[in-house]
Amino acid sequence: MSTRTADEIRADRLAKAGQILTALLAVTAYAVAWLIKRSWRRLLPAYWVAAELALAWVSGPLGLSWQTVGIVALAIAATAAAWRARSRTVRAWRAAIAVVLGGCAVATVAAGGQAAMATHPTLTIAVPTLLGAVLGWPWWHHLRHLTPPPVPAPALAAEVIDPLTAHWQRRWEREVVAAKVCEGTTVVQVVEPRPGVTEALVRLTPGTKPGPLFKSGPDVEVALDLNEGAIGWRSTGKRAWLRVVLVERSYIADGVPWTGPTYANGRFEVARFADGSPGQWILSLPNDGVRGGLVVGSTGAGKSRALGTVIANALDGGVAVAVGDPQNGQSLPAWRDAVEYHAGVEKTLLLLRRVHAEIMRRSELLANVGADAFDENDPRIKALGLRRLIAIVDECQLVLIPNTPIVALVEQAAETMRKTGVGIILATQLPQMKSLGASVRLRDALVAGNALILRLSNRGSGTTILPDDFVGDPFALPREIDGKTTAGMGYLRHSNRVGMLCRVPHLDEAAAAAAAPRIPVRWNVAEIDPASRIVLPGQRSPAVKAAVGAGGGSAVDKLRAAFGAGRRSTTVVEQVAPLTPAEWVLACLRRGPASAQALLDRPDCPVEQSQLYALLGRLKDAGRITPPAQRGGPFTISA
């Protein structure tokens, strides 16, 4: 048994006392910290008052002068004003409390510190406490009316993406975007309206334009290993969102059956798209008038079937139809007895001239009654007895010869027909501007209404009849696919499926013509005299010019002619012989470099293709022109 000395026992007791004291100090510090943490927001002004009293009390033992206390008070006030708060008002309020209570502390220290507080407790203790309560009232009032903290909303479950959308998101990123196709697009939602048809909503990143995406259908088809014409784009009305249709099973491969007219509210189904949706022809719109159109397709591509579909639906909708057939009844023979039929080139020309006169006459009648646009339901138009009229001319290239007056006449008719209730539909085989009389204006006027481009085998030369914004490749359509004909297959420009293949229904024209109602054409102009010359509005006829030149016309004209006023002096005009083909080529090249194809596309080209190439070769050998640097480039005049 060991014995301890008195010093060892004393040391152990001091160690235990130190441990107990340390524990008490830790508990006290923790309790004070907990109290301050839990109450400092509600007792903040009280803490400010306690700090002021403590500063005034310890100034005596510490030997602090009133100047030192003033500097400390100013530092505290500056800190309170600069400390981050919800607003500048809160900062100013805190600084005001620091300045007021700091001034009390300076006054108390200057008056004697502890001695002043013991001698004058009302002034040194009660007054600062009252000032702290008054200044703290906004704080306590705010806490009293503090709204309860918002209850946190329960955590929402993570957005669940359906398996179909997730599947196509992965395929789109891996097979399309990764192949540098449709960059800047993201699939956000996918639905499957019909088996074999998928519609995906695509979001565009900023800076991505939808125009190039409409033309990326073939690239997407290659990337996804789909058939041609299986991709169709549709605008959603928002630039940042597009809808793309992906067809894995075509609904037009076996042809589309004819189930009768589908005319409703100025529209009807002229074709069926590969995804099974209808492709509509816009015949007329309320308060807008009647629209024309253009049908292009090679021999056997289905133009007659498409025109028959248009005629059957137009008659079903109560629209009068007049057909011009330059091939003497070979184009649309089934409709000879169902509509007003004009067979032969001469009669087709007279039909176009009469349609132009009808449009001008209707424009005058509608202006007289104050009608801005044709509307069959308008009582004023009903009183005039006007009915919608469609003029259809098949094989229009036989009558629209470049640089002839009929082209200018049809131009005027196509540009002004819509508001008069008259529409013109032209059909041709070759996709060349010469098929429309080399008139870009006529093409633009027609495709502004409708454009059905069927299978084409000849790309033509130079300028094309296809619209500038046309999407699709009708030249890539073969005559047969898997042993089935592609007759009636093509692209419909005005549709909600941009760049997707469509097909005209199989139509028994004889049966459809027999079942169609008979609607006679009511003309407001007389038949055109075949011997009369074409005179455009705003121009004088040759007879009037001759009469004025011979002294006819009004009395003023006769008087001026008697005195020789306005009489032109006789001048001798040198007769210039027509240019030879070589001179014509040189004259064209003097205006600027031009390729052989550009020369051949000019309406006034005097030679055929083979003759032009032979002529260019001779001029090149003679050193009069410089050949192009690369094949297909422009020729220039030799220096």
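**View 1. R443 reaches over to T464.** The side chain of R443 comes to 3.4 Å from the backbone oxygen of T464, a polar contact (N or O atoms within 3.5 Å, one able to donate a hydrogen and the other to accept it; residues adjacent in sequence count only if both atoms are side-chain atoms). This is a predicted model, so local features need pLDDT of at least 70 and side-chain atom pairs pLDDT 80 or more, while totals for chains, interfaces and linings use all residues. Residues are numbered from 1 along each chain as its sequence is written, and side-chain values use heavy atoms, with hydrogens and water left out. R443 sits in helix α14 (residues 440-447); helices here are DSSP runs of H or I with at least four residues, strands are E runs of at least two, and both are numbered from the N terminus. With 5% relative accessibility, R443 is buried (under 20% relative accessible area; exposed is over 50%, partly exposed in between; 1.4 Å probe, protein chains only). Leaving out residues up to four places away in sequence, R443 touches M433, L436, T464, I465, L466, P467 and D468, where contact means heavy atoms within 4.5 Å.

**View 2. F470 and Y491 meet edge-to-face.** Ring centres must lie within 6.5 Å to pair (Phe, Tyr and the six-membered ring of Trp; planes under 30 degrees apart are stacked, over 60 edge-to-face, the rest tilted), and that rule yields 1 aromatic pair. The F470 and Y491 centres are 6.0 Å apart with planes at 90°, so this one is edge-to-face. F470 belongs to the loop between β14 (451-454) and β15 (480-481), and Y491 to strand β17 (residues 489-492), 21 residues apart. Both F470 and Y491 are buried.

**View 3. L400 in the largest nonpolar core.** This core (buried Ala, Val, Leu, Ile, Met, Phe, Trp, Tyr and Cys joined through side-chain atoms within 4.5 Å) has 109 residues, with W335, L400, L426 and L452 making the most contacts inside it. Helix α10 (residues 303-316) chips in the most, 7 residues. Beyond four places in sequence, the contacts of L400 include L352, V407, L426 and L442.

**View 4. A four-stranded open sheet.** The strand order is β1-β2-β4-β3, with antiparallel pairing; two strands pair if DSSP finds at least two bridges between them. At the edges are β1 (185-194) and β3 (231-235), each paired on one side only. Strand β2 (residues 197-204) shares 7 bridges with β4 (residues 241-247), and A200 stands opposite V244 in β4.
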